[in-house]
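This report describes selected side-chain interactions and the contact between chains. The sequence and the structure are shown first.

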Number of protein chains: 2
Amino acid sequence: MKWQCLFSFTHMGVWAADTVVQLSESQKPKPVLEGLQFGTVFTDHMLVIEWSNEGGWGKPHIQPFGNLSIHPACSALHYAVQLFEGLKAYRGQDNKVRLFRPMLNMKRMLKSARRACLPGFDGAELLECIRKLLEVDQEWVPQSDSASLYIRPTYVGTESSLGVKKPMQALLFVILSPVGSYFSTGTKPVSLWADSKYIRAWRGGTGDCKMGGNYGASIYAQYEAVDYGCQQVLWLYGDDHQITEVGTMNLFLYWVNEEGEEELATPPLDGIILPGITRQSILELTRKWGEFKVSERYLTMADLRLALKENRVKEMFGSGTACVVSPVGRVLYQGENLEIPCEVNCSGLVSRLQQELTDIQYGRTPSDWAIVV
Amino acid sequence: MKWQCLFSFTHMGVWAADTVVQLSESQKPKPVLEGLQFGTVFTDHMLVIEWSNEGGWGKPHIQPFGNLSIHPACSALHYAVQLFEGLKAYRGQDNKVRLFRPMLNMKRMLKSARRACLPGFDGAELLECIRKLLEVDQEWVPQSDSASLYIRPTYVGTESSLGVKKPMQALLFVILSPVGSYFSTGTKPVSLWADSKYIRAWRGGTGDCKMGGNYGASIYAQYEAVDYGCQQVLWLYGDDHQITEVGTMNLFLYWVNEEGEEELATPPLDGIILPGITRQSILELTRKWGEFKVSERYLTMADLRLALKENRVKEMFGSGTACVVSPVGRVLYQGENLEIPCEVNCSGLVSRLQQELTDIQYGRTPSDWAIVV
């Protein structure tokens, strides 16, 4: 397989051909995926690539999975100079392993790297390294059409000094984790706590990049949501309580809008929204269907509340790599439980998207979105 | 020395008495502090304390300074579950080593821990552990009244799974670094780039905690400031361009305000301002002087511009542990260079504060703010 070199903002390093492989002497047993908690089990190997300002990119190393040796002044630990990506490898019934639009992950990773002041790299070369890692750990890609092998590229500053500045050393590593369904409730509708007390991201911040700081800051709110009897946070923004994201997912509202049009709507990429690859794929897919209006537009809690009152809401759901799509069943807002219709009673857009996207991911529907590795 | 146990939100762990000390077999040479870059040289030992949900707090270990062994799925590296503190040990001419209001650092560290969903601890016990570490590395506290030993407590989540959640494992460690003056320019006035393109912190975020994510996100803006020929960012907030912080420091404006009153003003702790210990000390000190009005109030760029035009600005400066106080000489705002008067021509508040605070820190003026270790 050759990746299209669509992007690269540095000419430094031609990696993949130089990859050094050191195989693990033992192999871990594969876990039972049923009931397995997300991201808790890792494969036998990992990919590690070091960068330094003096030496540039070092050779990629595929090596036994194990702890990293990190300087205690490392800027990744003190100043969150860090970012990550998430994608999956899916095994089809044809036994082929596929990735879903991985070039988009590389592109986003480079965007995050720029924002974090980490050096650029050739995305196509990194993907080729990831392919080599998958080759080594191929037996870890589950034989299942509901499970997959989660791929976590991670990129951190390893500058070993306490000045707040551009790192002179960095570490890019990729780990693999076999996963079943992300939420313990499976595809059951989730309940959301909508409150403006905590704000996920703001203009002039880093909400449109996959940087660690966005996530750590969200955990406290997540537990407050649980205290209110909800599973996730519905992140609001601004005095008009714009609906932005849900938990760690993008958000979609499928409804009849103010103009009486059937519409699938999600907030625009205006700097505070993570440019999700599942988000983009849902937009492109539904636009191709041409069955209803598809919009990137602002949505407020007032819009949602009025639409619910007038029975104009068809479905609401989150989207992300971990879950694909996840229906919303209830929103707790200003002391009021807003019941959201969901697929069981409605049009089944969530089910249809889940089906069409996983059909592509597992190779049941031919698509140039699925890349055989 | 016994620390006052002013705070503690957990009864878990009585640490200090259990400290295990393993001395380094070799001693590093002490660096020349003149021209030494901030936070690049570390002492011979470090303090490490592990926590797990099952076992609670482990014994504190004072051990040879060295790399940490970190799981590659560690939540500190992926989701910035991390926070830090910064304080200094000063050696007086009486050869005694002092800390400056360290209980305030412990209190703030606990506040950050709560926000990061990391477990609480007994601040007085941690301080006692730090005192033991300082005892072991006491020769590293410089014999100088312009240098000091910077103390960096760091607290990170070490949960080794990829779910975004409260960590079940954590690591608290403290490293020490001998430092001279923070800025390469010494106490020369700094130039600032004031632009609302990047926002440091926002309400509902983490700007009032010392969490890593606040700092990593700021680096990109810092380099844009340099591109504009300035040294630091003057962080603005809101449509009215409120002045909030400068670089990694709190901000003070010493001026004649709109009412014609001589006033020292700094933005209030409303959720987006880091509650600096130097900030608090300056407020308390100047209020004790009773020579001018001391206010925690909003200040906008329009206020500053008008005051400059009317010759009402006396001085403007940043404050922080690293620099104590740092005068501002120029602000680039909307294409215009605003020249700020500074101590050389003016009242010398910066010089006076620098003198009074360092007199306390180095024990030249007796004060209960300086704790002999």
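Does A:Arg108 count as buried or exposed? With a relative accessibility of 7%, A:Arg108 counts as buried, the cut-off for that class being under 20% relative accessible area. The model is a predicted one, and the values below are computed from it.

## Salt bridges

A:Arg108 does not stand alone: its side chain meets that of A:Glu85 in a salt bridge, with an N to O distance of 2.8 Å. A:Glu85 belongs to the loop between β6 (82–84) and β7 (87–91) of chain A, whereas A:Arg108 belongs to helix α2 (residues 102–115) of chain A, so the bridge ties together parts that are 23 residues apart in sequence. The acidic partner, A:Glu85, is buried as well, at a relative accessible area of 0%. Over all chains, the count of salt bridges comes to 43.

Two salt bridges of chain B may be set beside this pair. In one of them, B:Glu159 is joined to B:Lys165, and the closest N and O atoms are 3.7 Å apart. B:Glu159 counts as buried, with 8% relative accessibility. In the other, the side chains of B:Arg297 and B:Glu258 meet at 2.8 Å, N to O. This second pair links distant parts of the chain, 39 residues apart: B:Arg297 is in the loop between β16 (293–296) and α7 (301–309) of chain B, and B:Glu258 is in the loop between β14 (249–256) and β15 (262–266) of chain B. B:Arg297 counts as buried at 17% relative accessibility, while B:Glu258, at 44%, counts as partly exposed. In chain A, salt bridges with shared partners join A:Glu258, A:Glu263, A:Arg297 and A:Asp303 into one network.

The three bridges are listed here with their distances.

| Salt bridge | N to O distance |
|---|---|
| A:Glu85 and A:Arg108 | 2.8 Å |
| B:Glu159 and B:Lys165 | 3.7 Å |
| B:Arg297 and B:Glu258 | 2.8 Å |

## Aromatic rings

The structure contains 37 aromatic pairs over all chains. One of them brings together A:Phe84 and B:Tyr79, whose ring centres lie 5.4 Å apart; the planes stand at 85 degrees, so the pair is edge-to-face. Because A:Phe84 lies in strand β6 of chain A and B:Tyr79 in the loop between α1 (75–78) and β6 (82–84) of chain B, the pair joins two chains. A:Phe84 is buried, with a relative accessible area of 2%, and B:Tyr79 counts as buried at 2% relative accessibility.

Within chain B, the rings of B:Trp57 and B:Phe121 also form an edge-to-face pair, at 6.3 Å centre to centre and with 85 degrees between the planes. Their positions are distant in the chain, 64 residues apart: B:Trp57 is in strand β3 (residues 56–57) and B:Phe121 is in the loop between α2 (102–115) and α3 (123–136) of chain B. B:Trp57 and B:Phe121 are both buried. In chain A, ring pairs link A:Trp15, A:Trp57, A:Phe121 and A:Tyr155 into a cluster.

Charged side chains also lie over ring faces. A:Arg352 is placed over the face of A:Trp289, 3.5 Å from the ring centre, and B:Lys30 over the face of B:Trp140, 4.6 Å from the ring centre.

## The interface of the two chains

How many residues of chain B are in contact with chain A? There are 60, and they touch 60 residues of chain A. About 5,100 Å² of area is buried between chain B and chain A, and carbon and sulfur atoms give 64% of it. The interface has 0 salt bridges, but 28 residue pairs are in polar contact between chain B and chain A, counting pairs with both residues at pLDDT 80 or more. On the side of chain B that touches chain A, β5 (68–70), α1, β6, α2, β9 (148–157), β10 (169–179), α4 (212–216) and α5 (219–227) each supply at least two residues.

## The surroundings of B:Arg98

B:Arg98 is located in strand β8 (residues 97–100) of chain B and counts as buried, at 8% relative accessibility. Its side chain makes a polar contact of 2.6 Å with the side chain of B:Asp94. Leaving aside residues up to four places away in sequence, B:Arg98 touches several residues, including B:Lys88, B:Tyr90, B:Ile360, B:Tyr362 and B:Val372. The C-alpha atoms of B:Arg98 and B:Ala124 are separated by 16 Å, with their positions 26 residues apart along the chain.

Terms used:
Residues are numbered from 1 along each chain as its sequence is written. Chains are lettered from A and ligands numbered from 1 in the order in which they are written. This is a predicted model: local features need pLDDT of at least 70, side-chain atom pairs count only at pLDDT 80 or more; totals for chains, interfaces and linings use all residues. Side-chain values use heavy atoms; hydrogens and water are left out. A salt bridge is a side-chain nitrogen of Lys or Arg within 4 Å of a carboxyl oxygen of Asp or Glu. Helices (H or I, at least four residues) and strands (E, at least two) are DSSP runs, numbered from the N terminus. Buried means under 20% relative accessible area, exposed over 50%, partly exposed in between (1.4 Å probe, protein chains only). Rings of Phe, Tyr and Trp (its six-membered ring) pair if their centres lie within 6.5 Å; planes under 30 degrees apart count as stacked, over 60 as edge-to-face and the rest as tilted. A charge sits over a ring if NZ of Lys or CZ of Arg is within 6 Å of the ring centre and within 35 degrees of the ring normal. Contact means heavy atoms within 4.5 Å. Buried area is the accessible area (1.4 Å probe) that two parts lose on being put together, summed over both. A polar contact is a pair of N or O atoms within 3.5 Å; within protein, one must be able to donate a hydrogen and the other to accept it, and residues adjacent in sequence count only if both atoms are side-chain atoms.
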